[in-house]
Amino acid sequence: MKPDRVAERPLLIGWKEFVAFPEWGVRRVKAKIDTGARTSALDAVGYDLFDDGSGPRARLRLALDRRHPERLTVVEAPVLGMVEVRCTSGATELRPLVEVEMRLGPVRKRIRLTVTNRSAMRFRMILGRLALAEDFVVDVSQKYLLRRRV
(Lines give C-alpha, C1' and ligand atoms only; values in the text may rest on other atoms or scores of the structure.)
Protein backbone atom coordinates (compact mmCIF):
# COMPACT_ATOMS: atom_id res chain seq x y z
CA MET A 1 0.00 0.00 0.00
CA LYS A 2 1.48 3.34 -1.05
CA PRO A 3 1.07 6.15 1.47
CA ASP A 4 -1.22 9.07 0.69
CA ARG A 5 0.95 12.14 0.24
CA VAL A 6 0.27 15.83 -0.02
CA ALA A 7 3.64 16.53 -1.65
CA GLU A 8 6.27 14.41 -3.35
CA ARG A 9 9.02 15.39 -0.94
CA PRO A 10 9.27 14.06 2.62
CA LEU A 11 7.09 15.76 5.23
CA LEU A 12 8.82 17.77 7.98
CA ILE A 13 7.82 16.63 11.48
CA GLY A 14 8.94 17.48 15.01
CA TRP A 15 10.54 15.23 17.63
CA LYS A 16 7.11 14.55 19.10
CA GLU A 17 3.83 14.35 17.22
CA PHE A 18 0.36 12.82 17.50
CA VAL A 19 -0.21 9.56 15.60
CA ALA A 20 -3.58 7.98 14.72
CA PHE A 21 -4.50 4.36 14.00
CA PRO A 22 -7.69 4.63 11.87
CA GLU A 23 -8.48 0.90 11.67
CA TRP A 24 -8.46 0.75 15.48
CA GLY A 25 -10.47 3.95 15.93
CA VAL A 26 -7.57 5.49 17.87
CA ARG A 27 -7.18 9.18 17.05
CA ARG A 28 -4.40 10.70 19.17
CA VAL A 29 -1.40 8.87 20.55
CA LYS A 30 1.49 11.04 21.67
CA ALA A 31 4.58 9.60 20.01
CA LYS A 32 8.25 10.34 20.41
CA ILE A 33 9.92 10.36 17.02
CA ASP A 34 13.08 8.38 17.72
CA THR A 35 15.52 8.17 14.82
CA GLY A 36 17.87 6.25 17.10
CA ALA A 37 15.38 3.40 17.34
CA ARG A 38 15.09 1.03 14.40
CA THR A 39 11.63 -0.30 15.23
CA SER A 40 8.51 1.35 16.61
CA ALA A 41 6.96 0.32 19.91
CA LEU A 42 3.46 0.81 21.33
CA ASP A 43 2.49 0.64 24.99
CA ALA A 44 0.12 -2.14 26.03
CA VAL A 45 -0.99 -2.91 29.57
CA GLY A 46 -1.24 -6.48 28.39
CA TYR A 47 -2.04 -8.65 25.41
CA ASP A 48 -3.43 -12.08 24.60
CA LEU A 49 -2.18 -14.16 21.70
CA PHE A 50 -4.66 -16.42 19.92
CA ASP A 51 -5.38 -18.03 16.55
CA ASP A 52 -8.73 -17.30 14.92
CA GLY A 53 -8.24 -19.78 12.07
CA SER A 54 -6.72 -17.18 9.74
CA GLY A 55 -3.45 -17.03 11.67
CA PRO A 56 -1.98 -15.68 14.89
CA ARG A 57 -3.54 -12.53 16.33
CA ALA A 58 -3.08 -10.35 19.37
CA ARG A 59 -5.76 -8.69 21.47
CA LEU A 60 -4.05 -5.60 22.88
CA ARG A 61 -5.15 -3.69 25.98
CA LEU A 62 -3.91 -0.14 25.44
CA ALA A 63 -3.78 2.57 28.13
CA LEU A 64 -2.95 5.49 25.86
CA ASP A 65 -3.86 8.34 28.21
CA ARG A 66 -1.22 8.85 30.93
CA ARG A 67 -3.65 10.93 33.00
CA HIS A 68 -6.29 8.18 32.95
CA PRO A 69 -4.47 4.83 32.83
CA GLU A 70 -7.66 3.03 33.85
CA ARG A 71 -9.24 3.87 30.47
CA LEU A 72 -8.36 0.94 28.26
CA THR A 73 -8.79 0.60 24.52
CA VAL A 74 -8.95 -3.01 23.32
CA VAL A 75 -7.88 -3.67 19.72
CA GLU A 76 -6.87 -6.68 17.65
CA ALA A 77 -4.13 -7.10 15.08
CA PRO A 78 -2.48 -9.92 13.15
CA VAL A 79 0.82 -11.06 14.66
CA LEU A 80 3.64 -11.29 12.14
CA GLY A 81 5.90 -13.03 14.63
CA MET A 82 7.70 -12.71 17.92
CA VAL A 83 10.86 -10.62 17.78
CA GLU A 84 13.69 -10.08 20.23
CA VAL A 85 14.22 -6.38 20.92
CA ARG A 86 17.16 -4.87 22.78
CA CYS A 87 16.10 -1.96 25.01
CA THR A 88 18.26 1.10 25.63
CA SER A 89 19.22 -0.47 28.97
CA GLY A 90 20.76 -3.38 27.04
CA ALA A 91 18.19 -5.97 28.16
CA THR A 92 16.45 -8.06 25.52
CA GLU A 93 12.73 -8.76 25.44
CA LEU A 94 10.58 -11.02 23.27
CA ARG A 95 7.70 -8.98 21.83
CA PRO A 96 4.85 -9.55 19.36
CA LEU A 97 5.28 -7.75 16.05
CA VAL A 98 2.06 -6.40 14.51
CA GLU A 99 1.23 -4.39 11.42
CA VAL A 100 -1.27 -1.53 11.41
CA GLU A 101 -2.16 1.53 9.36
CA MET A 102 -0.80 4.73 10.89
CA ARG A 103 -1.76 8.30 10.07
CA LEU A 104 0.77 11.01 10.81
CA GLY A 105 -0.51 14.33 9.55
CA PRO A 106 -1.68 13.80 5.97
CA VAL A 107 0.40 10.63 5.45
CA ARG A 108 -1.20 7.22 5.90
CA LYS A 109 0.97 4.12 5.73
CA ARG A 110 1.18 0.61 7.09
CA ILE A 111 3.87 0.21 9.70
CA ARG A 112 5.18 -2.60 11.86
CA LEU A 113 5.50 -2.11 15.58
CA THR A 114 6.25 -4.16 18.63
CA VAL A 115 4.03 -4.25 21.69
CA THR A 116 5.41 -3.84 25.20
CA ASN A 117 4.62 -2.31 28.56
CA ARG A 118 5.83 1.31 28.41
CA SER A 119 3.93 2.50 31.50
CA ALA A 120 7.16 3.68 33.12
CA MET A 121 8.02 5.76 30.04
CA ARG A 122 6.92 9.32 29.22
CA PHE A 123 5.61 8.38 25.76
CA ARG A 124 3.06 5.66 24.97
CA MET A 125 4.73 5.19 21.60
CA ILE A 126 8.14 5.36 19.98
CA LEU A 127 8.15 5.85 16.22
CA GLY A 128 11.39 4.44 14.80
CA ARG A 129 13.37 4.80 11.57
CA LEU A 130 11.62 2.02 9.64
CA ALA A 131 8.22 3.73 10.04
CA LEU A 132 9.67 7.11 9.05
CA ALA A 133 11.65 5.93 6.01
CA GLU A 134 11.04 7.82 2.76
CA ASP A 135 8.08 9.82 4.08
CA PHE A 136 9.35 12.03 6.91
CA VAL A 137 12.24 14.28 7.88
CA VAL A 138 12.61 15.11 11.57
CA ASP A 139 13.46 18.57 12.91
CA VAL A 140 14.71 17.68 16.39
CA SER A 141 14.49 21.32 17.51
CA GLN A 142 10.70 21.42 16.95
CA LYS A 143 7.64 19.55 18.24
CA TYR A 144 4.06 19.15 17.02
CA LEU A 145 4.75 20.65 13.59
CA LEU A 146 1.79 18.81 12.04
CA ARG A 147 -0.76 20.25 14.47
CA ARG A 148 -0.30 23.63 12.83
CA ARG A 149 -0.88 22.33 9.28
CA VAL A 150 -3.70 19.81 9.56
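**Figure 1. Lining of the second largest pocket in the predicted model.** The second largest pocket has a volume of about 500 Å³. It is lined by 16 residues, and those closest to its centre are Lys 30, Leu 64, Asp 65, Arg 66 and Arg 67. Strand E2, residues 16-21, and strand E3, residues 26-33, each provide at least two residues of this lining. E3 has the largest share, 5 residues. By class, the lining of the second largest pocket consists of 10 charged, 5 nonpolar and 1 polar residues.

**Figure 2. Lining of the largest pocket.** The volume of the largest pocket is about 730 Å³. Among the 33 residues that line the largest pocket, Ala 37, Thr 39, Ala 41, Val 85 and Arg 95 are the closest to its centre. Two or more lining residues come from each of strand E4 (40-43), strand E7 (73-86), strand E8 (92-104), strand E9 (107-116) and helix H1 (129-132). The element that gives the most to this lining is E9, with 7 residues. The lining of the largest pocket divides by class into 13 nonpolar, 12 charged and 8 polar residues.

**Figure 3. Surroundings of Arg 57 in strand E6.** Strand E6 covers residues 56-62 and includes Arg 57. Is Arg 57 buried or exposed? Arg 57 counts as buried because its relative accessible area is 19%, and the cut-off for buried is under 20%. Leaving out residues up to four places away in sequence, Arg 57 touches Asp 48, Leu 49, Phe 50 and Asp 52, together with Glu 76, Ala 77, Pro 78 and Val 79.

**Figure 4. Gly 36 and Thr 88.** Gly 36 is in the loop between E3 and E4. With a relative accessible area of 62%, Gly 36 is exposed. In sequence, Gly 36 and Thr 88 are 52 residues apart. In space, the C-alpha to C-alpha distance between Gly 36 and Thr 88 is 10.0 Å.

**Figure 5. The largest nonpolar core and the contacts of Leu 127.** The largest nonpolar core is made up of 32 residues. Which residues have the most contacts inside the largest nonpolar core? They are Phe 21, Trp 24, Leu 42, Leu 113, Met 125 and Leu 127. Apart from neighbours within four places in sequence, Leu 127 is in contact with Val 19, Lys 32, Ile 33, Asp 34, Ser 40, Met 102, Leu 104, Ile 111 and Leu 132.

**Figure 6. Positive phi at Glu 134.** Glu 134 is in the loop between H1 and strand E11, which covers residues 136-139. The phi angle of Glu 134 is near 75°, a positive value in a residue other than glycine. Glu 134 is exposed, with a relative accessible area of 72%.

**Figure 7. Positive phi at Tyr 144.** Tyr 144 belongs to the segment after E11. The phi angle of Tyr 144 is near 50°, a positive value in a residue other than glycine. Tyr 144 counts as buried because its relative accessibility is 9%, with the cut-off for buried at under 20%.

Notes:
Residues numbered from 1 in each chain as written. Predicted model: local features only at pLDDT ≥ 70, side-chain atom pairs only at ≥ 80, totals over all residues. Heavy atoms only, no water. Helix = DSSP H or I, 4+ residues; strand = E, 2+ residues; numbered from the N terminus. Buried < 20%, exposed > 50% of the residue type's maximum accessible area, 1.4 Å probe, protein only. Contact = heavy atoms within 4.5 Å. 1 Å grid on protein atoms, 1.4 Å probe; cavity = no way out; pocket = protein on both sides within 12 Å on 5 of 7 lines; lining within 4 Å. Points joined across faces, edges and corners; volume = space filled by probe spheres on them. Nonpolar A, V, L, I, M, F, W, Y, C, P; charged D, E, K, R; others polar. Core = buried A, V, L, I, M, F, W, Y, C linked by side-chain atoms within 4.5 Å.
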